[in-house]
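Work through the exercises below with the sequence and the model open side by side. Each task is followed by a solution in steps.

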Amino acid sequence: MLLELLICLIIGSTLIGIGVHFIPVGGAPAALSTSAGIPTGAPMITIGMGITGILTAITFVNQPNYLIIIAGAIGSMMMISITMFFSNIMHVYGVGVPIASSTFEKDPITGFNQTEYVSQGTKGHGIPTVSFLSGVLGAGLGGIGGSLAFTSIYSELSASLLDINLVITITTIMSLMLFFVIAVVASYNIGGTIQGFYDKKFKQKILPGALSCFIVSVVLSLIYALIVWGLINV
Amino acid sequence: MSDDLIPNQILFLVSFFGGLLCIYLSNIPLMGGILSIAGISLATIFGINALRHVGKYSLGTGVPSIVYLLTAIGVIGYLLGIVLTINLNQPILFPIIAIISAIVLALIVSYICKYLFGIQVDILAKSFISISLASVLLIISMSTLISQTFIPQVIYENVIQNGMIILLMLMSVMVIQNPYNACMGPNEDQYRTLSLGLTNIFLMLIVLSLLCIFTSKYWILYLLLSIIGWIISFRKYIGYTKHQVASIKRYGLWPKDDKEI
């Protein structure tokens, strides 16, 4: 049983770590419209996405496991789409800049040229369509990972602890901590801004990112298995 | 960052041993809560000073994310400490196990940053360990203030079962990261940052002492203490800020490149 938990936790946390790399993050420059991407740091947006995903997953407790996982993914994807959509609205109607990014020449989905619309001295502004899609994909991966960790800890604990509220509380605490650690480790790997999977930076960064998230998740899963073992035997 | 006026080693020694002592003495009825408040202040001051050292390097994301990472690591260590000591029936070992597991996790993450990501900062491992140590001590002191004892079983019932640990975690993140993030710049000064830290601690203690209503009958005393402390430290912070403003006027314009910040 604990082995199953360990494997689920490792897969879940590695998925979160890979998902963070897909999210177009602009950091502080994006808040000043001098860089494309979501105008905040990668850890903050990932933690917000994780909290939303887990909240959606909690509402599906006692349903089949695949429903909980799908609910978590949809919650995260909705949160990130709303954030990116309103960020774009702010950029277009508030700041008054066209949406473009200098990290690629042509948007592969819409076919729009990017370089002509990028203001001089900046790296773009707003979130282009391909980055938007990449962000939704990354949030889906992160949501699947988070709710996978949630369901595995939940099913392990609810088998032996009777109080369902207590089980949900402890499971939420533990799966949120997973997001806090993995998101920051992945964003140290990204190091600044990234524009999703179509960015050139993505190819260099994804391998060490996945490897490091795997190592961290192995260590974290061992500690989590110890905590769950202790909680069952209290 | 300017040089340390109070050396980091002294802050480490005082807050580590003083904090542990405050945690172990928190069983005493009235003094225990006040000692917990002292433990909270010591741990936070040490965390802020450790953050001042690592915060001047660019690690790829902002300053708050360092504290988010290390406080989450601290909470995981804290959970492990509580669960293991309840199982082993050794309440006295609880802070030690929490600190050791948090330090091991922080060390692993810092080695990953160094060898896989190539972040070449010499003090990375040391700072990560310091901040995670401070966050563990801070969260344990907060829980001893709420549950009026350091026995893990009582803390488990009062802090973890009702989910208050998430609130404590977010409060400790805010209280450690805010002062340096607010004061950083070419004219950052240890006294000013730490006095803002004290202000934040007492502001947080106002909330914490309200959370103690159900567990302690002395909550009104803690509330009064924190309000008085907040007024004193805020006046102190305003004084240091005015002093610094004067020195900026004398220095002239801002530096041409921001490498020295």
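**Exercise 1: A residue in chain A**

A:Ser81 lies in helix 4 (residues 65-95) of chain A. The coordinates come from a predicted model.

Task. State how far apart A:Ser81 and A:Gly135 are in sequence and in space, and find which residues A:Ser81 is in contact with, leaving aside its neighbours within four places in sequence.

Solution.
1. Along the sequence, A:Ser81 and A:Gly135 are 54 residues apart.
2. From C-alpha to C-alpha, the two are 7.7 Å apart in space.
3. With neighbours within four places in sequence left aside, A:Ser81 is in contact with A:Phe132 and A:Val136.

**Exercise 2: Helix 3 and helix 4 of chain B**

Task. Describe how helix 3 (residues 63-88) of chain B and helix 4 (residues 94-115) of chain B cross, and classify the residues of their contact.

Solution.
1. The two axes come within 7 Å and cross at roughly 140 degrees.
2. Angles over 145 degrees count as roughly antiparallel; helix 3 of chain B and helix 4 of chain B are therefore oblique to each other.
3. Helix 3 of chain B passes helix 4 of chain B in a right-handed crossing.
4. Residues of helix 3 of chain B in the contact include B:Leu69, B:Ile73, B:Gly77 and B:Gly81. In helix 4 of chain B, the partners include B:Phe94, B:Ala98, B:Ala102 and B:Val109.
5. By class, this contact of helix 3 with helix 4 of chain B has 15 nonpolar, five polar and no charged residues.

**Exercise 3: Helix 7 of chain B and two partners**

Task. Give the orientation of helix 7 (residues 164-183) of chain B relative to helix 5 (residues 124-147) of chain B, then relative to helix 8 of chain B.

Solution.
1. Helix 5 and helix 7 of chain B pack at an angle of about 130 degrees, with their axes 10 Å apart.
2. Helix 5 and helix 7 of chain B are therefore oblique to each other, and the crossing is right-handed.
3. In helix 5 of chain B the contact includes B:Leu138, B:Ile139 and B:Met142, and in helix 7 of chain B it includes B:Leu168, B:Met171 and B:Val175.
4. The residues of the contact of helix 5 with helix 7 of chain B are ten nonpolar, three polar and no charged.
5. The axes of helix 7 and helix 8 of chain B come within 8 Å and cross at roughly 160 degrees.
6. Helix 7 and helix 8 of chain B are therefore roughly antiparallel to each other, again with a right-handed crossing.
7. Among the residues of helix 7 of chain B that meet helix 8 of chain B are B:Leu168, B:Met171 and B:Val175. B:Arg192, B:Leu196 and B:Met204 are among those on the helix 8 side.
8. The contact of helix 7 with helix 8 of chain B divides into 15 nonpolar, four polar and one charged.

**Exercise 4: Interface and salt bridges**

Task. Describe the interface of chain B and chain A, and locate the residues of the salt bridge in the structure.

Solution.
1. In contact are 36 residues of chain B and 35 residues of chain A.
2. The chains bury about 3,000 Å² between them, 87% of it on carbon and sulfur atoms.
3. Zero salt bridges are found across the interface of chain B and chain A.
4. Over all chains, the structure holds one salt bridge. The side chains of B:Glu188 and B:Arg52 form a salt bridge, at 3.0 Å from N to O.
5. B:Glu188 is in the loop between helix 7 and helix 8 (190-211) of chain B, and B:Arg52 is in helix 2 (residues 31-55) of chain B. The pair, 136 residues apart, links distant parts of the chain.

Conventions. Residues are numbered from 1 along each chain as its sequence is written. Chains are lettered from A and ligands numbered from 1 in the order in which they are written. This is a predicted model: local features need pLDDT of at least 70, side-chain atom pairs count only at pLDDT 80 or more; totals for chains, interfaces and linings use all residues. Side-chain values use heavy atoms; hydrogens and water are left out. Axes are lines fitted to C-alpha atoms, for helices over the stretch in contact, and angles run from 0 to 180 degrees between N-to-C directions. Helices (H or I, at least four residues) and strands (E, at least two) are DSSP runs, numbered from the N terminus. Angles under 35 degrees count as roughly parallel, over 145 as roughly antiparallel, 65 to 115 as roughly perpendicular and the rest as oblique. A crossing is left-handed if the near helix is turned anticlockwise from the far one by less than a right angle, and right-handed if clockwise. Contact means heavy atoms within 4.5 Å. Ala, Val, Leu, Ile, Met, Phe, Trp, Tyr, Cys and Pro count as nonpolar, Asp, Glu, Lys and Arg as charged, and the others, Gly among them, as polar. Buried area is the accessible area (1.4 Å probe) that two parts lose on being put together, summed over both. A salt bridge is a side-chain nitrogen of Lys or Arg within 4 Å of a carboxyl oxygen of Asp or Glu.
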